[in-house]
Amino acid sequence: MTAPAPAVPWNALAADPATVERYEARVYRGPGPTDCHWWLGAISDSGHGKLRAGSRPAGTSRVVSVHVLGYAIHHGAADLQPGAIVRHKCDEASCQNPGHWLIGDRLQNIVDFQARRGLTGHALADVRGAAGRAVAVRDAILAAAPGEEPAAIAAAIAAGHPSGDRQDTLW
């Protein structure tokens, strides 16, 4: 029997200036406050951003999901209790907009996914899957000329819906 993994020290990671700087350097913020803020670093096979956070000498070094780290940085770590997950209201796995996150549990996340995955043109209906969509948006932003990022994002998102259908946001 293996011992459970030690709890992630979210408070320490969120308070570490070097970690916060590395995190912030990899976030592209859209032009409006309600736009998604896209992760420009490593992306997991679930479409979530990943980052090595913390410090080896302090014993806090580990690879973490950046939306959880971002939640701890912007909202504090008190809500990050065992069983809690950070959900995306926008359904964009790589989104880093603190206003798009809410705490919930796995069942709530599954229910949301089941309810929205079939919506025409929705993020969850992207033919590339969450990881393919996140990578396409990240790569489009990184390749775009300064000021052209919004158009590059729109084109990358549209490419995941060959029918040309799209789902407007509800908020």
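Which residues does Glu92 touch, not counting residues up to four places away in sequence? Here are some notes to help you find your way around.

1. Let's start with that question, keeping in mind that this is a predicted model. Setting aside residues up to four places away in sequence, Glu92 touches Cys36, Trp38, Ala123 and Arg133. You will find Glu92 in the loop between β6 (85–88) and β7 (101–104). Its relative accessible area is 8%, so Glu92 is buried, the cut-off for that being under 20%.

2. Next, have a look at Asp91, which has its place in the loop between β6 and β7. Asp91 has a relative accessibility of 14%, and therefore counts as buried. Its backbone is worth a glance too: phi of Asp91 is near 65°, a positive value in a residue other than glycine.

3. Now for the open space in the model. The largest pocket has a volume of about 1000 Å³. It is lined by 42 residues, and the closest to its centre are His48, His67, Ile85, Val86 and Arg106. Two or more lining residues come from each of α3 (66–75), β6, α4 (106–116) and α5 (129–143). Among these elements, α4 gives the most to the lining, with 6 residues.

4. What is the make-up of the lining of the largest pocket, in nonpolar, polar and charged residues? The lining holds 20 nonpolar residues, along with 12 polar and 10 charged ones.

5. On to the packing inside. The largest nonpolar core is made of 20 residues, and Trp10, Tyr23, Trp39, Leu69 and Leu80 are those with the most contacts inside it. The elements α1 (10–15), β4 (49–53) and α3 each give two or more residues to this core. The largest share, 5 residues, comes from α3. If you followed the pocket above, you have met α3 already, as one of the elements that give two or more residues to the lining.

6. Leu80 is a good residue to click on if you want to explore this core, being one of those with the most contacts inside it. Leaving aside neighbours within four places in sequence, Leu80 is in contact with Trp10, Val68, Tyr71, Ala72, Val86 and Ile103. Two of these names appear elsewhere in these notes: Trp10 is listed with Leu80 for its contacts inside the core, and Val86 is among the residues closest to the centre of the largest pocket.

7. Finally, there is another core, which lies apart from the largest one. This other core has 13 residues, including Tyr28, Cys90, Ile141 and Ala156.

Terms used. Residues numbered from 1 in each chain as written. Predicted model: local features only at pLDDT ≥ 70, side-chain atom pairs only at ≥ 80, totals over all residues. Heavy atoms only, no water. Helix = DSSP H or I, 4+ residues; strand = E, 2+ residues; numbered from the N terminus. Buried < 20%, exposed > 50% of the residue type's maximum accessible area, 1.4 Å probe, protein only. Contact = heavy atoms within 4.5 Å. 1 Å grid on protein atoms, 1.4 Å probe; cavity = no way out; pocket = protein on both sides within 12 Å on 5 of 7 lines; lining within 4 Å. Points joined across faces, edges and corners; volume = space filled by probe spheres on them. Nonpolar A, V, L, I, M, F, W, Y, C, P; charged D, E, K, R; others polar. Core = buried A, V, L, I, M, F, W, Y, C linked by side-chain atoms within 4.5 Å.
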